[in-house]
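Me: I'm new to this one and would like to understand the labels people put on it. Could you show it to me and go through them one at a time?

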Amino acid sequence: MTQNADPWSTEVNVPLRDVVGNRELALDVVPETLRPGALDAPVRWAHVSELRDPAPYLIGEELILTAGVNLPDDVDRYVRGLREAGVTALGFGLTPTVSETLPEPLRRACARHGLPLLVVPPRTPFLAINRAVSVALTEAGQREQRRITAAREALTRAAGGGLGELTEALADRLRSWVALVGAGDVLASAHDAPTPLPPEVRELVATVRAGSGIRSATTELTGGVFVVVQPVYPQATASHLVVTGRARRFDSADRAILAVGAALLGLVGRAGSDAAELGAAATGLLLGRASADGVARAVLGTDVCRLVAGAPYRRGPGEVALRPDWLRARLDTPLVEVRPGPRFVAITGPSPGDLEDLRAHGWLAAAGSPVPAERLADAVAEVDLLLERAVALGRPVLAGSGPLDFDALLAPDASREFAARALEPLLALDRAGDRELVPTVRTWLAHHGGWEATATALGVHRNSVRHRIAQVERALAVDLADPETRMRLWFALRWAATPDAHGP
């Protein structure tokens with residue numbers, strides 16, 4: 001039995017066969033380099049490298065492209081290094097200026113080490129492959145998000161029917177069997193969940209219960225059945241666990257769906273006689289017949305909420321970034337979403353929890369102002385901006401906690417109207433030409449106008465930052481050297497009713 005505290009990856013990827021099957025690229029696969037299942041291996045990015053040894057700079061699952069400009073004499077060592085680095089495939093570009101034919105030593109080395117070798121014809125530029133992979137990844141991410149959204153809605157509707165109906169809906173969405181396990185009994189099951197659970201699964205359940213904190217675990221049974229055990233919220237390891245199994249590995253979308261199902265199973269189990277109230281409130285919201293405050297009251301026990309957003313801090317929070325159950329426990333809310341990057345956004349009650357504790361575990365977090373539940377959508381821009389500030393300062397930021405906070409004195413509609421009027425020239429330019437002026441000025445202000453810090457945060461050259469800020473000054477007809485102008489622009493960004501697409 002194999003166990004893993006986190007069997008999934010949050011990275012979106014596409015199978016190698018999707019890249020090879022793109023007819024516009026006209027890639028040829030060298031057959032003897034393919035091992036069983038090689039075309040199903042994931043590709044997370046296509047990267048051009050002419051280094052003699054690129055392996056130390058790779059993170060795995062790349063499609064490496066080379067024209068052989070600096071191909072070393074020891075080709076076997078070169079290929080072995082790529083294979084050990086987790087590279088999915090190697091693409092060799094034929095070109096009259098370097099090599100018009102595939103080097104035979106490279107072919108033999110790839111066959112020996114089982115590294116898929118693709119031949120790139122002269123008419124296919126590497127940039128076309130990069131673009132094709134990027135488009136495929138974007139489309140895969142969109143499909144994944146649509147699937148998660150549809151599952152979230154279906155599971156929320158099913159919550160009104162109690163544990164049995166919710167368990168059945170979760171099994172449908174995961175295309176697996178599901179069992180909800182209590183202290184010693186199976187409380188609900190669906191899709192022919194094994195009864196009793198196999199010894200290996202019972203051992204895994206015991207391991208999860210005995211562990212400290214909230215965690216999930218997986219095992220592969222004899223016969224290739226993958227089983228995942230995850231605590232439901234908020235009972236954690238002390239009470240209910242959801243167990244699910246199927247013949248295919250669970251991917252990142254499955255992870256997100258299971259997290260929603262586990263949260264709802266915990267809420268329904270906790271609500272008891274109030275389960276119908278929770279289901280009715282959530283269903284009414286999804287169908288447009290109820291307001292968010294009803295759901296907030298049922299889920300969080302309050303009509304006043306905060307948005308909390310977070311980003312990694314210094315040492316990477318790998319074990320936290322891939323475990324939304326950990327975040328749910330720390331923030332005391334089931335309403336947590338982990339996004340690529342990684343980033344997270346959560347809806348909590350008026351008290352957002354210990355933000356310093358999150359930082360101690362690798363997360364920098366920002367909490368927005370307390371708002372009524374029906375105004376949460378309007379609060380996204382504020383928490384996005386506060387997170388930028390938290391990252392720039394290297395410490396958590398909590399709105400409404402200082403003597404200079406004056407949001408309560410402002411009319412929300414007037415603030416949003418001011419923000420829309422002030423930012424419209426920049427938003428219009430961004431929509432017309434993808435100039436990214438709004439996210440640039442937001443990051444620049446968060447870093448006190450520092451060119452280097454802003455360039456690093458945005459991943460661009462400092463001259464690009466200077467050019468964009470000059471465009472902002474021309475578009476708004478202002479001088480950003482004036483501190484009062486900076487202040488007004490900062491609050492316009494904070495009060496914007498509709499955030500741009502570059503939030504956390």
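Reply: Happy to; below we take some labels in turn and see what each rests on. Please keep in mind that this is a predicted model.

Me: Why is the contact between E32 and R107 called a salt bridge?

Reply: The rule asks for a side-chain nitrogen of Lys or Arg within 4 Å of a carboxyl oxygen of Asp or Glu. E32 and R107 have an N to O distance of 3.2 Å, which is within 4 Å, so the pair earns the name.

Me: What makes this pair a tie between separate parts of the chain?

Reply: E32 sits in the loop between β2 (28-29) and β3 (42-43), while R107 belongs to helix α3 (residues 104-113). Those parts are 75 residues apart in sequence, so the salt bridge ties them together.

Me: And why is E32 called partly exposed?

Reply: Buried means under 20% relative accessible area and exposed means over 50%. E32 has 42%, which falls in between, so it is partly exposed. R107, with 24%, is partly exposed by the same reasoning.

Me: How do you know that D76 and R112 form a salt bridge?

Reply: Their closest N and O atoms are 2.4 Å apart. The limit is 4 Å, so this pair counts too. It links distant parts of the chain: D76 is in helix α2 (residues 75-84) and R112 in helix α3, 36 residues apart. D76 has a relative accessible area of 21%, so it is partly exposed rather than buried, the cut-off for buried being under 20%.

Me: What makes E452 and R462 a salt bridge?

Reply: Here the closest N and O atoms are 3.1 Å apart, within the 4 Å limit, so the name fits. E452 lies in helix α16 (residues 451-458) and R462 in helix α17 (residues 462-476), so the pair ties together parts ten residues apart in sequence. E452 has a relative accessible area of 46% and R462 has 36%; both are partly exposed.

Me: How many salt bridges does the rule give in total?

Reply: The count comes to 15. Salt bridges can also join into a network, as they do among R147, R246, D251 and D254.

Me: Why is helix α15 described as mostly covered?

Reply: Ten of the ten residues in α15 (residues 437-446) are buried. Each therefore has under 20% relative accessible area. Among them are V438, R442, W444 and L445.

Me: What follows α15?

Reply: After the helix comes H448, whose phi is positive, near 55 degrees.

Notes. Residues are numbered from 1 along each chain as its sequence is written. This is a predicted model: local features need pLDDT of at least 70, side-chain atom pairs count only at pLDDT 80 or more; totals for chains, interfaces and linings use all residues. Side-chain values use heavy atoms; hydrogens and water are left out. Helices (H or I, at least four residues) and strands (E, at least two) are DSSP runs, numbered from the N terminus. Buried means under 20% relative accessible area, exposed over 50%, partly exposed in between (1.4 Å probe, protein chains only).
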